[in-house]
Amino acid sequence: MRENFSYRLWRYDGAPGELIPLLQSAQEHFGYIPIRAINYISGVTGIPESDIYGVITFYSQFRLRPMGKYIIRACAGTACHVSGAKMIIETIEDELGIEVGDTSEDGMYTLNTVACIGCCSLAPVIMINDETYGRLTPASLRKLLREHIRKTGAKADSVVGASCGG
Ligand code: FES
């Protein structure tokens, strides 16, 4: 059951281990953890903001920015791993200037990894929102991303965009 952020904050009694559920509740409520929520949590709990930031940045589940308009899911499953997923992920990070779990400064792209997209025969594979792109190389991926950015969402025609059967 979803717990209301304010209610959880109101119930806070200083018990150890309460901060993480509180942050989870804030993220569920806002979609990310805004600075105002950190200020508010700090004010109510007495936990210094720097400590709260430390917890947020330690755990990859927490986001300090809203999800991007485009969610990139880079597959890190076995088939993709042996087909160069690490290079694919590093190429995305380099091209967009973000790390896994981050959202770009302009709010357009969020990069996440997933265990398997179900298109192993197309490895290495990424998805941008609902579109699947497979058999990528760092060069074709850079082209795809640059084209995607340029067209603000239009699908590039240079890379396989395919439905897949696993
Ligand atoms: S391992 Fe990447 S799609 Fe299955």
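Q: In which loop is Pro 124 found?
A: The model is predicted, and Pro 124 has a place in it outside the helices and strands. Strand β2 covers residues 109-114 and strand β3 covers residues 126-128. Pro 124 is found in the loop between β2 and β3.

Q: Is the peptide bond from Ala 123 to Pro 124 cis or trans?
A: The angle to look at is omega of the bond from Ala 123 to Pro 124. Omega is near 0 degrees there, and the bond is cis.

Q: What distance separates the C-alpha atoms of Tyr 133 and Ala 123?
A: Ala 123 is the residue before the cis bond to Pro 124, while Tyr 133 lies in strand β4, residues 131-134. Along the chain, Tyr 133 and Ala 123 are ten residues apart. Their C-alpha atoms are separated by 9.1 Å.

Q: Does Tyr 133 count as buried or exposed?
A: Tyr 133 is part of strand β4. Its relative accessibility is 1%. A residue under 20% counts as buried, so Tyr 133 is buried.

Q: Which loop holds Asn 129, and is this residue buried or partly exposed?
A: Phi of Asn 129 is near 50 degrees, a positive value in a residue other than glycine. Asn 129 has its place in the loop between β3 and β4. Because its relative accessible area is 26%, which lies between the cut-offs of 20% and 50%, Asn 129 is partly exposed.

Q: What is the relative accessible area of Arg 135?
A: Arg 135 lies in the loop between β4 and α7. Its phi is near 50 degrees, a positive value in a residue other than glycine. Arg 135 counts as exposed, a class that needs over 50%, and its relative accessible area is 52%.

Q: How many helices and strands are there in the protein, and in what order do the elements run?
A: The protein has seven helices and five strands. Read from the N terminus on, its elements run α-α-α-α-β-α-α-β-β-β-α-β.

Q: At what angle do α6 and α7 pack, and how far apart are their axes?
A: Helix α6 covers residues 85-96 and helix α7 covers residues 138-150. The crossing of α6 past α7 is right-handed. The angle is about 35 degrees, and the axes are 10 Å apart.

Q: How many nonpolar, polar and charged residues does the contact of α6 with α7 have?
A: From α6 the contact draws on residues including Met 87, Ile 88 and Leu 96. Leu 141, Leu 145 and Ile 149 are among those from α7. Charged residues take part as well, including Asp 94 and Glu 95 of α6 and Arg 142 and Arg 146 of α7. By class, the contact has eight nonpolar, one polar and four charged residues.

Q: At roughly what angle do the axes of α2 and α3 cross?
A: Helix α2 spans residues 19-30 and helix α3 spans residues 35-45. Their crossing is right-handed. The axes come within 11 Å, and they cross at roughly 145 degrees.

Q: Which residues of α3 do Leu 19, Leu 22, Leu 23 and Phe 30 in α2 meet?
A: By class, the contact of α2 with α3 has six nonpolar, one polar and one charged residues. Leu 19, Leu 22, Leu 23 and Phe 30 make up the α2 side. On the α3 side they meet Arg 36, Ala 37, Ile 41 and Thr 45.

Q: Which residues do ring pairs link into a cluster?
A: The structure holds three aromatic pairs. Phe 58 and Tyr 59 form one that is edge-to-face, at 4.9 Å centre to centre and 85 degrees between the planes. Tyr 59 and Phe 62 form another edge-to-face pair, at 6.3 Å and 90 degrees. The cluster is made of Phe 58, Tyr 59 and Phe 62.

Q: Which residue of the cluster of Phe 58, Tyr 59 and Phe 62 is buried?
A: Phe 58, at 64% relative accessible area, is exposed. Tyr 59 is partly exposed at 32%. With a relative accessible area of 7%, under the 20% cut-off, the buried residue is Phe 62.

Q: Which element has the lowest mean pLDDT?
A: The mean pLDDT of the protein is 87, and 89% of its residues reach 70 or more. Over residues 154-159 the pLDDT is below 50. Where pLDDT is low, the predicted coordinates should not be read in detail. Among the elements, helix α5 has the highest mean, 97, and the lowest, 51, belongs to strand β5.

How values were computed. Residues are numbered from 1 along each chain as its sequence is written. This is a predicted model: local features need pLDDT of at least 70, side-chain atom pairs count only at pLDDT 80 or more; totals for chains, interfaces and linings use all residues. Side-chain values use heavy atoms; hydrogens and water are left out. pLDDT is the predictor's confidence in each residue, from 0 to 100. Helices (H or I, at least four residues) and strands (E, at least two) are DSSP runs, numbered from the N terminus. Contact means heavy atoms within 4.5 Å. Buried means under 20% relative accessible area, exposed over 50%, partly exposed in between (1.4 Å probe, protein chains only). Axes are lines fitted to C-alpha atoms, for helices over the stretch in contact, and angles run from 0 to 180 degrees between N-to-C directions. A crossing is left-handed if the near helix is turned anticlockwise from the far one by less than a right angle, and right-handed if clockwise. Rings of Phe, Tyr and Trp (its six-membered ring) pair if their centres lie within 6.5 Å; planes under 30 degrees apart count as stacked, over 60 as edge-to-face and the rest as tilted.
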